[in-house]
Structures are given as C-alpha cells and as structure tokens.
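Reader: I would like to learn how the words used for a protein model are justified. Could you go through it with me step by step?

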Amino acid sequence: MNEITLKAPAKLNLYLDITGKREDGYHLLETVMTSVDLCDKITIKRAYGQAEKIVVGCTNAEIPQNEGNICYKAARLFLSEANIRDSIEIFIEKHIPHGAGLGGGSANAATVFRGLNELYGYPLEKDELLKLGNMAGADVPFCIVGGTKLCRGTGEIISECPALKKQAFLIIMPNFGCDTKAAYKKYDEAPVKPKDALDEFFKDYPRYLYNVFEELYRSDDIREIKEALIKNGAKSASLTGSGAAVFGIFENREKAEYAKDAFSASGLFTAVVENIIP
C-alpha cells in the first residue's frame, strides 16, 4: 500500500481549566475532550527509494504548506523515529475551521501519525506514537486516541472518564479570532483560581460545561452567541479550546438543525455534529 486516506475528527472541550504553570512556562490543563464527526480528510502518499522529502498541500490557502505546517512536523518526527528515508506527500482536504479551538491542526497531525504507521506496517507502538504526538502539539495525543477523555498536564496525561451519551452539538464560528497568547498572558498577570468542578461536571453534564478562556477573554461577542444558542433550544453552551468557536448542546440532531437555521442569515460558519462513540 502506497497511499492512504483517513478522516481527522475535530474535538470539543466540554470542560477546560488551567490548574497551574510549570517552571518551563507551559501551562497545566485539566480538560475533558470529545471527538466529533466534523472532519478534515488527510491523504498520505509515499515514494520508495527517493531522497527524503516531505510535501504538504491543502485546500485552504491560509494554511501553511511547508515546514510551518504541523503535519510536516508530525511526518518528520515519525520518519526519524521509525528510521525511514522515503519521500512523503500529504494533502489536507480542509473542513474544520482554522483557528477555531476545534483542534483541526492537532487532528491533522494525529492522523498523519496514524496514517504513516499504518502505511509502514505499524513499526511504532501506541505509546511511541503518543510520545511523538506530545512533541508535535498539546492536543495531538488526545487526537491520536480519540473518543472522550480526561486530559491533564499539557494534554499528554490521558485517562478514561465516565461515559457520556451521544449528543448533538451546533458549532458557531464567529467572524473573529481569539489571541491565545494574549489570553495566557492575562492569566499569568492575574491567575484565575481553578474551578475544581470535575465531579459536578460528570454528575450533571451538560449543566457544568466550563471553559476558563471565557473568563480570560470576557468577550461580549462570545457571550451573545452563547445566549443565542440557548435561546434557540440549546441545553447549555460554551467556548471550545481557546476559541473562537462556540458550541451548544441539543437534545437531538433535529433540534440542532432547527436552531442552525436561526444563524443562516448571519454568514457565520455553522455545523451540526455528534460526538464519536468508539
């Protein structure tokens, strides 16, 4: 097999808190993430015997298509670890909005790790892939395993959590981005006390959705989107990742699709998705 095409699922942060900061400057997180069926599509081709070269292409011209792309980094890490010298081509068919907090880049990198491992007959064990994933980016290890998981540390400490039932979500991407570095700087200047509400979250999800970045941004625009989602039938709503996408949780897909119509005239990116149950 010289070519493989795989889906790269987005993720939602149902609970996201900052619990501290390491001496090296990395922030420590506590987050519950779930994979959803909004996916990019990754095609990977290999060429035997050619000088080692990695080529990245993408349907979205705003995405770097060189060594600045996280997929390039993932491929380089894999090839080095597996001692492979082939030429690799990666093409990304983009459907996940860029810079939304939906983990699109991390999902793409994770899929490159999984795809290359399959193409080459599984030379690396799962733990080895997760170690490489952590070197590529904070959310990559979760995106390698998928499902619904509790992640701590910088995202590399992954554990099982109580099963969450299948849900319908309506994702709204505003026409602005969120400056993650600026948000972390705000946290460093005035740390927010950890919410410490995981027990409540698991007892009464989705009532206890939480995202610390909402407190750091204090954005009226994000608040208004959340209020609009709830007004249109969402049981609750939250920011995902460091933003700027907001999602609402609905009783079923039909109600989420109905609510989506209320945003149709806004010109914003909208998507109805469900979480992926392994």
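Author: What follows is a short conversation about the terms and the values behind them. This is a predicted model, in which local features need pLDDT of at least 70, side-chain atom pairs count only at pLDDT 80 or more, and totals for chains, interfaces and linings use all residues. Residues are numbered from 1 along each chain as its sequence is written, and side-chain values use heavy atoms, with hydrogens and water left out.

Reader: Why is L14 called buried?

Author: Buried means under 20% relative accessible area, whereas exposed means over 50% and partly exposed lies in between, with a 1.4 Å probe and protein chains only. L14 has 0% relative accessibility, and therefore it counts as buried. Of the 278 residues in the chain, 54% are buried.

Reader: What makes V32 a contact of L14?

Author: Contact means heavy atoms within 4.5 Å. Leaving aside neighbours within four places in sequence, L14 is in contact with several residues, among them V32, T34, L164 and F247. L14 itself belongs to strand 1, residues 3–21, where a strand is a DSSP run of E with at least two residues, numbered from the N terminus.

Reader: How do you know that the radius of gyration of the chain agrees with that of a compact globule?

Author: The radius is taken over C-alpha atoms, and the globule rule is 2.2 Å times the number of residues to the power 0.38. For 278 residues a compact globule would have a radius near 19 Å, and the chain has 19 Å, so the two agree. Along its principal axes the C-alpha trace spans about 60 × 45 × 35 Å.

Notes:
Helices (H or I, at least four residues) and strands (E, at least two) are DSSP runs, numbered from the N terminus.
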